[in-house]
Amino acid sequence: MFSHDVCITFLAIAWLIPHSQAAACEPIRIPLCRSMPWNMTKMPNHLHHSTQANAVLAIEQFEGLLGTGCSPDLLFFLCAMYAPICTIDFQHEPIKPCKSVCERARGGCEPVMRRYNHTWPESLACQELPVYDRGVCISPEAIVKAESPDNPYYQDPARCSPDRCRCKTVRLGLKTYLKNNYNYVIRARVRMVRSLSAVVEVREVLKASLVHIPRDTVTLYYSSACLCPPLSPGDDYLIMGYENEERSRLLLIEGSVAQKWKDRMGRKVKRWDQALKDQSRVGVGRGGGGAKRSRH
């Protein structure tokens with residue numbers, strides 16, 4: 001896959017596009033594809049969606065599959081189909097993903113789909129896609145960094161590279177727990193960290209609110225390219241965060257906590273949660289709300 005420490009990259013030909021000539025291109029507004037190394041697309045896409053609003057509804061059906069981490073190429077492939085890269089040279093026929101990218105995504109994910117009695121969609125068939133050395137197509141290997149600030153799609157890496165992020169340390173304790181009123185608390189093993197999300201295997205649910213948390217693989221969503229709090233694949237963590245009720249998502253955002261798991265943490269959290277409930281009851285008795293908060 002392409003490097004995640006490059007916030008915005010682009011095909012070499014793309015940074016030569018003048019602003020006035022790129023009128024047919026439009027900024028990507030599909031949330032799943034905003035982390036891609038291109039930020040301009042054109043509708044209709046390769047699946048014949050006439051607007052990005054229609055494309056959003058279609059691509060979101062793959063969120064569960066993406067959450068399994070079945071293929072590092074899946075998100076790139078889907079975005080190349082649903083939000084194809086737009087350049088001045090290919091406005092009439094947007095660039096397709098390479099056949100090899102599709103085959104890698106399908107090879108990793110179709111076995112997972114079959115376990116749930118699904119097959120790879122015919123609309124995403126690989127056989128009609130171009131081969132890298134025989135036609136124009138896009139693949140992670142073909143992406144190059146747009147170095148020049150003259151590139152209209154260039155963003156200063158100093159402002160958005162995860163290497164430049166400074167995550168604030170949230171001290172874990174009763175005071176923090178009572179103040180932040182987390183929607184969920186889990187013990188989980190990190191399977192994969194992506195550009196805007198992390199895939200974890202839930203070992204224990206210590207607290208849950210409106211979003212159901214299975215003891216299974218789930219996706220946690222960051223709100224920016226700065227992956228705070230940071231997570232390391234293979235390690236077990238105590239994770240405290242918030243939820244997006246409307247989209248049934250678990251969030252890792254400002255104020256969230258992720259600390260390496262220690263056995264005594266579970267008992268501490270249960271004591272803290274009881275103290276929070278006691279505090280809420282006192283608040284209600286005095287006319288306070290004591291309501292949980294969620295982030296959207």
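The largest nonpolar core of this predicted model has 40 residues. Those with the most contacts inside this core are Trp-38, Leu-74, Phe-77, Leu-78, Tyr-82, Trp-120 and Leu-124. Five elements are listed as giving two or more residues to the core: α1 (52–59), α2 (63–67), α3 (74–82), α4 (99–115) and β4 (137–138). The most comes from α3, with nine residues. Apart from this core lies another, of 18 residues. Tyr-184, Val-202, Ile-239 and Leu-250 are among its members.

Helix α3 is largely enclosed by the rest of the structure, because nine of its nine residues are buried. The buried set runs through Leu-74, Leu-75, Phe-76, Phe-77, Leu-78, Cys-79, Ala-80, Met-81 and Tyr-82. These residues pack against the helices α1, α2 and α4. They also pack against the strands β3 (96–97) and β4.

Contacts of Leu-124 reach into α3. With residues up to four places away in sequence left out, Leu-124 touches Phe-77, Leu-78, Met-81 and Tyr-82. Its other partners are Leu-47, Phe-62 and Cys-102.

Tyr-82 is also a partner of His-49. His-49 lies in the loop between β2 (40–41) and α1. Its relative accessibility is 17%, so His-49 counts as buried, the cut-off being under 20%. Beyond four places in sequence, His-49 touches Met-43, Pro-44, Asn-54, Ala-55 and Ala-58 as well as Tyr-82.

Key. Residues numbered from 1 in each chain as written. Predicted model: local features only at pLDDT ≥ 70, side-chain atom pairs only at ≥ 80, totals over all residues. Heavy atoms only, no water. Core = buried A, V, L, I, M, F, W, Y, C linked by side-chain atoms within 4.5 Å. Buried < 20%, exposed > 50% of the residue type's maximum accessible area, 1.4 Å probe, protein only. Helix = DSSP H or I, 4+ residues; strand = E, 2+ residues; numbered from the N terminus. Contact = heavy atoms within 4.5 Å.
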